[in-house]
Amino acid sequence: QEWEFVTEELKGQVQYEYAAEFADRIKEKTNGKITVTPYEYGALGSEVDQAQLLQDGGVQMAVMSPGFTGGQVPDGQIFSLHYFFPADPKLTQEVLNTSEALNKDLRAKYEEHSISPLAFWSEGSMAWTSNVGIEKPSDWEGLNMRVQESPLMKKTYDAYGASVQSLSWGELYTALDRETVDAQENPVFFIESASFHEVQDTLTISRHNNYIAMTTVNTEWYNGLGDAEKQLIDETVEEMQSWVFEEQKKQNDAGLEAIKNDSEYDTKIIELTDEQIAEFKKVAEPVHEYYKNEVEGIDPAIYDKLKKEIEEVSGE
Ligand code: 6CS
């Protein structure tokens, strides 16, 4: 058997390395009877194309960012709320591993679209890059922010006073360089690896959100597998949760060091203080209510349950 596994990143980056490690483990466990083929971003299209491919059963597995199906599965937009999950990736990962709201209720929502998320994991805390140096909400005024395909992301940056534009990440370096967009958000490892810091003067450590990815399988394909194969996949996905946590941490630490030591581009690093973060929270928190009460098609009960689970983990 051969299973095809698309990712939204390149060799060396977290998502691709995840798929490659998954492939190695399956090969070993099945003595080569099952081959998993990982694909880099771009090999089979953009992030949006890849999501569609998985839904159509054109590939069996995908690492998928919820932001690219925000229009189709509105509940998945919960991951783009700012200052909702714990700032610490370790605590966020604990929520992702244990949450019933996500692993049962949200999973069912994705399954209506033939996407089965088997696991949710953090690629690290996201930072903002720009040329202006974002330190307070009003610094966003007049900026054009790059976002994924998620209406809620627009709402969030609207609240800060920015305009937004959806792009695949492959177009982002050029867009920043030509200043057709002014700012973007990503985990630090990705900013360094995609060289966005070369075309942006500043990086703000904002702790506004973790970047979340999902290990997904085509629902009908997965449901049609035998119990032994399902068990093999589930068990390997579960083992990979601690592996990917260490991998993203290693890459994010190294990425920050590399940006700091890159004397050619001399990126200014702004670490927001707790007081500055409180200003962003004031603007971002009403969007949580907006999400829960106004976004069409979402189940507010998932929001309430998840909020409680987050409070339990973060002790707040
Ligand atoms: O910014 C993006 O869209 C990309 N960022 C990451 C961390 N992974 C893939 C995604 O497409």
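A helix here is a DSSP run of H or I at least four residues long, numbered from the N terminus. I start with that because I went looking for Asp177, and I found it in helix α6, residues 172-177. Note to self: this is a predicted model.

**Asp177.** Is this residue buried or exposed? Neither, quite: being buried takes 20 or more other C-beta atoms within 10 Å, and being exposed takes 12 or fewer. Asp177 has 14 within that 10 Å, so I put it down as partly exposed. I also checked Asp177 against Met153, which sits 24 residues away along the chain. Their C-alpha atoms are 22 Å apart.

**Helix α3.** Next I went through α3, residues 89-98. Which of its residues are buried? I noted Pro89, Thr92, Gln93, Val95 and Leu96. Looking down the axis of α3, I see these buried residues fall within an arc of 160°, so they line one face of the helix. That made me recall the rule that an α-helix has 3.6 residues a turn, so residues three or four places apart point the same way. Lys90 and Thr98, on the other side of α3, are exposed. Then I asked what covers the buried residues of α3. The cover includes helices α4 (100-111), α9 (227-261) and α11 (300-314), along with strands β4 and β9 (210-218).

**The core.** β4 turned up again when I looked at the largest nonpolar core, which has 77 residues. Strand β4, residues 115-130, gives the largest share of this core, with 7 residues. Within the core, the members touching the most others are Phe5, Ala62, Met64, Met145 and Tyr157. I followed Met145 further: leaving out residues up to four places away in sequence, Met145 touches Tyr157, Ala162, Val164, Val181 and Ala183. As a general reminder, nonpolar side chains in soluble globular proteins tend to be buried together.

**Strand pairing.** Which way do β4 and β8 (residues 202-205) run, parallel or antiparallel? They pair in the antiparallel sense, over 3 bridges, and Trp128 stands opposite Thr204 of β8. β8 also pairs with β10 (residues 268-271), this time in the parallel sense and over 4 bridges. There, Leu203 has Ile269 in β10 as its bridge partner.

**The ligand.** Last, I listed what surrounds the ligand. The residues are Glu8, Glu9, Gln15, Glu47, Ser65, Glu123, Gln148, Trp169, Asn186, Pro187, Phe190 and Tyr211. How many of the shell are nonpolar, polar and charged? I get 4 of each kind.

Conventions
Residues numbered from 1 in each chain as written. Predicted model: local features only at pLDDT ≥ 70, side-chain atom pairs only at ≥ 80, totals over all residues. Near = placed C-beta within 6 Å. Nonpolar A, V, L, I, M, F, W, Y, C, P; charged D, E, K, R; others polar. Core = buried A, V, L, I, M, F, W, Y, C linked by C-beta atoms within 7 Å. Helix = DSSP H or I, 4+ residues; strand = E, 2+ residues; numbered from the N terminus. Contact = placed C-beta atoms within 7 Å. Pairing = 2+ DSSP bridges. Arc of directions from axis to C-beta.
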